[in-house]
Amino acid sequence: MKKNYFDFIICGGGASGLLLLKALREDSFFINQSILLIEKEKKNKNDRTWSYWENLDGPFDSMVTKKWSEAQFCSKDFNFNFDLDPFQYKMLRSAVIYQNILDKYITAKNTTFLQAEVKDIVSNENLTEIITSEGKFQSKKVFNSLFDPKPMMNQKKYPVLKQHFVGWFIKTKNTSFDPHKVLFMDFDIPQLQETRFLYLLPIDENNALVEYTLFSENLLHFDDYETGIIDYLNSKGITEFEIKEKEQGNIPMTCFPFEKFNTKSLLYIGTAGGWTKATTGFTFMNTRRNIEHLIQFLKRGGNLDNFRVRNRFRFYDLLFLDVLKQYNNHGSELFTSMFKNNPPARIFRFLDEKTNYIEDFKILTSFSFTQITWFLRALFNRIFKIFVPLN
Ligand SMILES: Cc1cc2nc3c(=O)[nH]c(=O)nc-3n(C[C@H](O)[C@H](O)[C@H](O)COP(=O)(O)OP(=O)(O)OC[C@H]3O[C@@H](n4cnc5c(N)ncnc54)[C@H](O)[C@@H]3O)c2cc1C
């Protein structure tokens, strides 16, 4: 074996790259396979906070900062408090995951970590070559999590929205939060012709992560997100607080088929592979699930371009994005219809792509008559590719 050849090469040591490394190294089937992980950063800082829901116990529970069993959804005329049962909502700091996985597996047998910048990836079907600042490496199985938005932005067939936000970890002077309840979405803020909401994860009565979030096409100026947070806090009587940390995100919401760039020896993973849930921006759980499938797929053998993650939910997401893009000023009402007319557990299972056809139908018919006509027009446009005006 040449020194620059590895059985598996993982480009990018973020969520998907590290979770894949962990899954491969924990499975004795791959014990003799060499793995190279290439990452440009040291990954020793907290650069994001992942939240997700799952059934009560999960494999990262020992690392989570906080779990909640209750949640709240708000919009202009609707304030809904609910039990998350059978789920819990969990908050995981990225630094904890980075450190835990790197500490445990970086020195594992047959594992190489290279801190380098990937400059280019050249895939000749059966073999893929990675050109980095520290040399060239080859493998018949390359997993790439480096996200390139250009192909997605340079097309018109698939709508592209963004989940964009600024979040502050704050500590308030007075007790301000109910630590048992996560504020999943609060649309009761000025929408300004877009889909805007507040998301608040209370760690205790004085500490919380609060995020001013949009599902829309265009980013705001940084100050606008921050003003949104301040206005919201003030509206709740929270005027004295200290900002402990800030984070910012811009997550693509699209059904663009990233998998078309896969080859026999190259698989795009994580956001780069389209593993972000198009209608919510949630990626962390999808990534965990897809990696479980990928491990089984690798054991069966076969070319990487045969690995599939598409299902009927991609089409629902596509229609929802068509509508949300066209009626971005009505996003709050769309989400309100869903939460008003469905048990929350059904919504979360639908977002997890685990509902059956009957439940899908119940979700789809929980929208108002006018909203359903928007979806039907989007459907006709997609299926018949005929021009039906969407307004
Ligand atoms: C602030 C923030 C909060 C989020 N919160 C949530 C959440 O609550 N729940 C949820 O489900 N999702 C969330 N997401 C979305 C998603 O889970 C994350 O973006 C997730 O990290 C995506 O994983 P990934 O592996 O695709 O990409 P990343 O984690 O971004 O990993 C890509 C890696 O590639 C490295 N890299 C990039 N270019 C190069 C190069 N040229 N050479 C070498 N290395 C390179 C980067 O340094 C990075 O480590 C959040 C995203 C952000 C930004």
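# Exercises on a predicted three-domain model

The protein has ten helices and 18 strands; helices (H or I, at least four residues) and strands (E, at least two) are DSSP runs, numbered from the N terminus. This is a predicted model, in which local features need pLDDT of at least 70 and side-chain atom pairs count only at pLDDT 80 or more, while totals for chains, interfaces and linings use all residues. Residues are numbered from 1 along each chain as its sequence is written.

## Exercise 1: the whole protein

Task: Work out how compact the protein is for its 391 residues.

Solution:
- Step one is the radius of gyration, taken over C-alpha atoms, which is 22 Å for the protein.
- Step two is the globule rule, 2.2 Å times the number of residues to the power 0.38; for 391 residues the rule gives 21 Å.
- The two values are close, so the protein is as compact as a globular protein of that length.
- To picture the outline, imagine a box of roughly 65 × 55 × 40 Å along the principal axes, filled by the C-alpha atoms.

## Exercise 2: domains

Task: Find the domains, then describe where domain 2 touches domain 3.

Solution:
- The protein is divided into domain 1 (8–48 + 92–146 + 256–306), domain 2 (160–253) and domain 3 (312–384), with bounds from an automatic or database domain assignment.
- Between the C-alpha centres of domain 2 and domain 3 there are 25 Å.
- Eleven residues from domain 2 and eight residues from domain 3 take part in the contact; two residues are in contact if their C-beta atoms, placed from the backbone, lie within 7 Å.
- On the side of domain 2 that touches domain 3 there are five nonpolar, four polar and two charged residues. Here Ala, Val, Leu, Ile, Met, Phe, Trp, Tyr, Cys and Pro count as nonpolar, Asp, Glu, Lys and Arg as charged, and the others, Gly among them, as polar.

## Exercise 3: helix α1 and Leu19

Task: Decide whether Leu19 is buried or exposed, and look at the helix around it.

Solution:
- Start with the place of Leu19, which is helix α1 (residues 15–25).
- Next, count: a residue is buried if 20 or more other C-beta atoms lie within 10 Å of its own, exposed if 12 or fewer, and partly exposed in between, with C-beta atoms placed from the backbone. Leu19 has 22 other C-beta atoms within 10 Å, so Leu19 is buried.
- Beyond its neighbours within four places in sequence, Leu19 is in contact with Thr287, Arg288 and Ile291.
- Now widen the view: nine of the eleven residues of α1 are buried, so α1 is largely enclosed by the rest of the structure.
- The cover over these buried residues includes β1 (8–11), α2 (94–105) and α5 (284–300).

## Exercise 4: strand partners

Task: Trace the pairing of the strands β9, β10 and β11, then of β13.

Solution:
- An open sheet of three strands runs in the order β9-β10-β11, with antiparallel pairing; strands pair if DSSP finds at least two bridges between them.
- At the edges are β9 (118–124) and β11 (135–139), each pairing on one side only.
- Six bridges join β9 to β10 (residues 127–132), and Val122 stands opposite Glu129 in β10.
- Turn to β13 (residues 160–172), which pairs with β17 (residues 241–254) in the antiparallel sense over 13 bridges. Lys162 stands opposite Pro252 in β17.
- β13 also pairs with β16 (residues 207–216), again in the antiparallel sense, over ten bridges. Ile170 has Ala208 as its bridge partner in β16.
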